[in-house]
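Grab your viewer and work through a few short exercises. Each one sets a task, then walks through a solution.

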Amino acid sequence: MPPFFDQYGDPTMDPYTILSLPPTSTEAEIKKAYRMQMLQLHPDKLSPSLTDASIAAVTDKFHNVKDAYEFLVSPLHLTARRLYTAKMASRRADFERREAYLRRNGGKGDDFTAYNA
């Protein structure tokens with residue numbers, strides 16, 4: 001599993017997906033989901049019968065959950081979080097525009113050059 005942050009400190013994965021939450025979640029809901037996953041994934045709580053590969057996978061997920069939570073609630077990540085939110089909103093709006101374009105044109109045309117112009 002890749003690390004949560006890239007070399008520039010931007011998330012490489014959706015923090016809401018990692019925490020199994022919708023993007024409209026409140027801070028209390030984020031905290032609750034974080035605590036629930038941490039109880040399940042904490043390295044001290046793992047079964048001793050797990051293989052080394054399984055332990056490594058769970059440990060990676062544990063660190064990604066921790067990083068996702070920090071990204072969503074920490075004031076240190078406020079600027080990056082705002083940029084990420086704006087980027088996701090832009091992607092969502094672009095997707096909706098493309099869907100509307102396809103509906104207007106009867107689902108014909110994979111070439112969006114007319115749309116993008």
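**Exercise 1: the pocket lining**

Sort the residues that line the largest pocket by chemical class, then work out which element gives the most to that lining.

Solution. Keep in mind that this is a predicted model.
- Start with the classes: the lining divides into 5 nonpolar, 1 polar and 2 charged residues.
- Now put names to them: Asp14, Tyr16, Pro23, Tyr84, Thr85, Met88, Ala89 and Arg92 do the lining.
- Next, the element. Helix α4 gives the most, with 5 residues.
- Finally, the volume of this largest pocket comes to about 160 Å³.

**Exercise 2: the overall fold**

Describe the chain by its secondary structure, burial and contacts.

Solution.
- Count the elements: you should get 5 helices and 0 strands. Reading from the N terminus, that gives α-α-α-α-α.
- Check burial: 28% of the 117 residues count as buried.
- Look at the surface: about 8300 Å² is exposed, and carbon and sulfur atoms supply 56% of it.
- Turn to contacts between residues at least 6 apart in sequence: 44% of these join residues at least 24 apart.

**Exercise 3: two helices against the ruler**

Compare the reach of α3 and of α4 with the span expected at 1.5 Å a residue, and list which of their residues are buried.

Solution.
- Take α3 (residues 52-73). Its 22 residues reach 32 Å from first C-alpha to last, close to the expected 32 Å.
- Do likewise for α4 (residues 78-104): 27 residues, a reach of 39 Å, and an expected value of 39 Å that it comes close to.
- In α3, the buried residues are Val58, Phe62, Asn64, Val65, Asp67, Ala68, Tyr69, Phe71 and Leu72. Their cover includes α1 (15-18), α2 and α4.
- In α4, Ala80, Arg81, Tyr84 and Tyr101 are buried. Tyr84 also turns up in the lining of the largest pocket.
- Step past the end of α4 and you meet Gly106, with a positive phi near 65°.

**Exercise 4: Gln37**

Is Gln37 buried or exposed, and which residues does it touch beyond four places away in sequence?

Solution.
- Place it: Gln37 sits in helix α2 (residues 27-41).
- Apply the cut-off: the relative accessible area of Gln37 is 11%, so Gln37 counts as buried, since buried means under 20%.
- List the partners: leaving out residues up to four places away, Gln37 touches Ile18, Leu19, Ser20 and Val65. Val65 is one of the buried residues of α3.

**Exercise 5: Ser20**

What is the sign of phi at Ser20, and where in the chain does this residue lie?

Solution.
- Read the angle: phi at Ser20 is positive, about 55°, even though the residue is not a glycine. Most residues other than glycine have a negative phi.
- Locate it: Ser20 belongs to the loop between α1 and α2.
- Check accessibility: Ser20 is exposed because its relative accessibility is 61%, and exposed means over 50%.
- Get a distance: Ser20 and Tyr34 are 14 residues apart along the chain, and 9.4 Å separates their C-alpha atoms.

Note on methods
Residues are numbered from 1 along each chain as its sequence is written. This is a predicted model: local features need pLDDT of at least 70, side-chain atom pairs count only at pLDDT 80 or more; totals for chains, interfaces and linings use all residues. Side-chain values use heavy atoms; hydrogens and water are left out. Helices (H or I, at least four residues) and strands (E, at least two) are DSSP runs, numbered from the N terminus. The expected span of a helix is 1.5 Å times one less than its number of residues. Buried means under 20% relative accessible area, exposed over 50%, partly exposed in between (1.4 Å probe, protein chains only). Contact means heavy atoms within 4.5 Å. Accessible areas come from the Shrake-Rupley method with a 1.4 Å probe; for residues, only the protein chains shown count as cover. On a 1 Å grid over the protein atoms alone, a cavity is a set of points where a 1.4 Å probe fits but cannot get out, and a pocket is an open set with protein on both sides within 12 Å along at least five of seven lines; lining residues have an atom within 4 Å of a point. Grid points are joined across faces, edges and corners, and a volume is the space filled by probe spheres set on the points. Ala, Val, Leu, Ile, Met, Phe, Trp, Tyr, Cys and Pro count as nonpolar, Asp, Glu, Lys and Arg as charged, and the others, Gly among them, as polar.
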